[in-house]
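Reader: Could you take me through one part of this model in close detail? I'd like to hear what surrounds it and how the neighbouring pieces connect.

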Amino acid sequence: MDLLNTLVDKGLRRELPTREEALAVLATSDDDLLDVVAAAGKVRRQWFGRRVKLNYLVNLKSGLCPEDCNYCSQRLGSTTGILKYTWLKPDEASQAAAAGLAGGAKRVCLVASGRGPTDRDVDRVSKTIKAIKDENEGVEVCACLGLLSDGQAERLREAGADAYNHNLNTSESTYADITTTHTYADRVDTVNKAHAAGLSACSGLIAGMGESDEDLVDVVYSLRELDPDSVPVNFLIPVEGTPLAKEWNLTPQRCLRILAMVRFVCPDVEVRIAGGREVHLRTMQPLALHLANSIFLGDYLTTEGQAGKADLEMIADAGFEVEGTDQVTLPEHRATAGGGCGSHESAGCGSHEGAGCGSHESAGCGSHEGGSVCGTADPAAPVGEPRTDLVTEARTDLVAVRRRGAGTDLAPNA
């Protein structure tokens, strides 16, 4: 397929695909799916070999959030029955992190519900970062605390944080449909604050909330322009008690196409399969490793993942290897440039010349013009509208509220 050959060539050169090409990936047929995976897999192997980075979540504070994000089980007024607790003490958080690190995780992600941290909260998290790093040589720590105020990113960096996560989640045009208590611009501002403080920025999306192909391409192109080092791709977990509990819009094939599109648009970035992979990819998870080079090990914030041992077996059986603490995740050009993909030099991703991300000329980043260039596009899926043909059977049996690990007396899943 000419489309895939073009996308591979562009990915190997770190060149931005056209918007038309990105939409075409999402519109490919199931008959072409393995070809799509194989093509994106060439780009993944060019920049990351066969390594898989393992990340481990520690929910420092669960529930009790004043924000109204429709996808979130910790939202204001939640009736989901999730674990609710206030801040873990540094030694408790360090103990929780140790389980994931013993299972092979390289990065610990410290997450707290809420709109954003107070200065006192930053002090708490700073002590937790120190406790984890004192006990574990070479560990990376990423903080995810919500919207940052001026100076807080710098304080986290001084405390030893390596990265900061704050997802865009969906396109700017549809953001108000999922959250009203803060704005898309607020999220962009926090990612920029993390960048400016010297933290490795981590920002991604949630698929499966009823968005259109256009929305997915919008948010991924916006992410490329923001230039995070890692892009987590979450697949909505429709938890009972949330406004999106009835949104079962994903098939395993759809998830693979989304991951492939992200890889083509962000070829040299750590693409992480995040929440919902067990629910929506199911037995197709090993194929997704050919597209993404990073996963979460074990459980998520409020829901259970598959057994950590099963994750490790899946990686080995698929012919991949767990990335060690002595290995650098990012390609050399990104690692040495402190983020390389967004450098405005050479032909690299993020350049505002020619095919550059952020340009609204030629390559069409942000443009809503054009259609599919792929002969396998589904003519029944109007541009800009959700794909109603993708609705799949609700698998509520695969959604389990977390009752172990952080905030409980039971051993974590790692």
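Author: Let's begin with the second largest cavity in this predicted model, which has a volume of about 120 Å³. Its lining counts 14 residues, and the closest to its centre are Tyr56, Leu57, Tyr300, Arg402 and Ala406. Sorted by class, that lining has eight nonpolar, three polar and three charged residues. Which strand gives the largest share of the lining? That would be strand 1, with four residues.

So much for the cavity; now for the strand itself. Strand 1 covers residues 51–61, and 11 of its 11 residues are buried, which leaves the strand mostly covered. It has several pairing partners, and going through them one by one helps. With strand 10 (residues 321–322), strand 1 runs parallel and shares two bridges; there, Val52 sits opposite Val322. With strand 9 (residues 294–296), strand 1 is again parallel, this time through three bridges, and Asn55 faces Phe296. Asn55 also stands opposite Arg107 in strand 2, so to speak a residue with a foot in each pairing. That brings us to strand 2. Strands 1 and 2 pair in the parallel sense over six bridges, and Tyr56, one of the residues closest to the centre of the second largest cavity, has Val108 as its bridge partner in strand 2. Between these two strands the chain passes through helix 4 (residues 90–102), and the resulting β-α-β crossover is right-handed.

How enclosed is strand 2 (residues 107–112)? Six of its six residues are buried, so the rest of the structure largely encloses it. In a regular strand, side chains alternate between the two faces of the sheet. Here Arg107, Cys109 and Val111 point one way, while Val108, Leu110 and Ala112 point the other, and all of them are buried. Put next to the pairings, this places Val108, the partner of Tyr56, on the opposite side from Arg107.

Moving on from strand 2, we reach strand 3 (residues 140–144), which pairs with strand 2 in the parallel sense over five bridges. Arg107 turns up again here, standing opposite Glu140 in strand 3. The link is helix 5 (residues 119–135): together with strand 2 and strand 3, this helix makes a right-handed β-α-β unit.

These strands also lead to another hollow. The structure holds three cavities of 30 Å³ or more, and the largest cavity contains about 920 Å³ of space. Its lining is made of 42 residues, and Tyr71, Cys72, Gln74, Asn167 and Leu301 are the closest to its centre. Strand 2 and strand 3 each supply at least two residues of that lining, as does strand 7 (230–235). By class, the lining of the largest cavity has 23 nonpolar, 14 polar and five charged residues.

To trace the path once more: strand 1 gives four residues to the lining of the second largest cavity, strand 1 pairs with strand 2, and strand 2 in turn supplies at least two residues to the lining of the largest cavity.

Terms used
Residues numbered from 1 in each chain as written. Predicted model: local features only at pLDDT ≥ 70, side-chain atom pairs only at ≥ 80, totals over all residues. Heavy atoms only, no water. Buried < 20%, exposed > 50% of the residue type's maximum accessible area, 1.4 Å probe, protein only. Pairing = 2+ DSSP bridges. Right-handed = clockwise from strand over helix to strand, strands pointing away. 1 Å grid on protein atoms, 1.4 Å probe; cavity = no way out; pocket = protein on both sides within 12 Å on 5 of 7 lines; lining within 4 Å. Points joined across faces, edges and corners; volume = space filled by probe spheres on them. Nonpolar A, V, L, I, M, F, W, Y, C, P; charged D, E, K, R; others polar.
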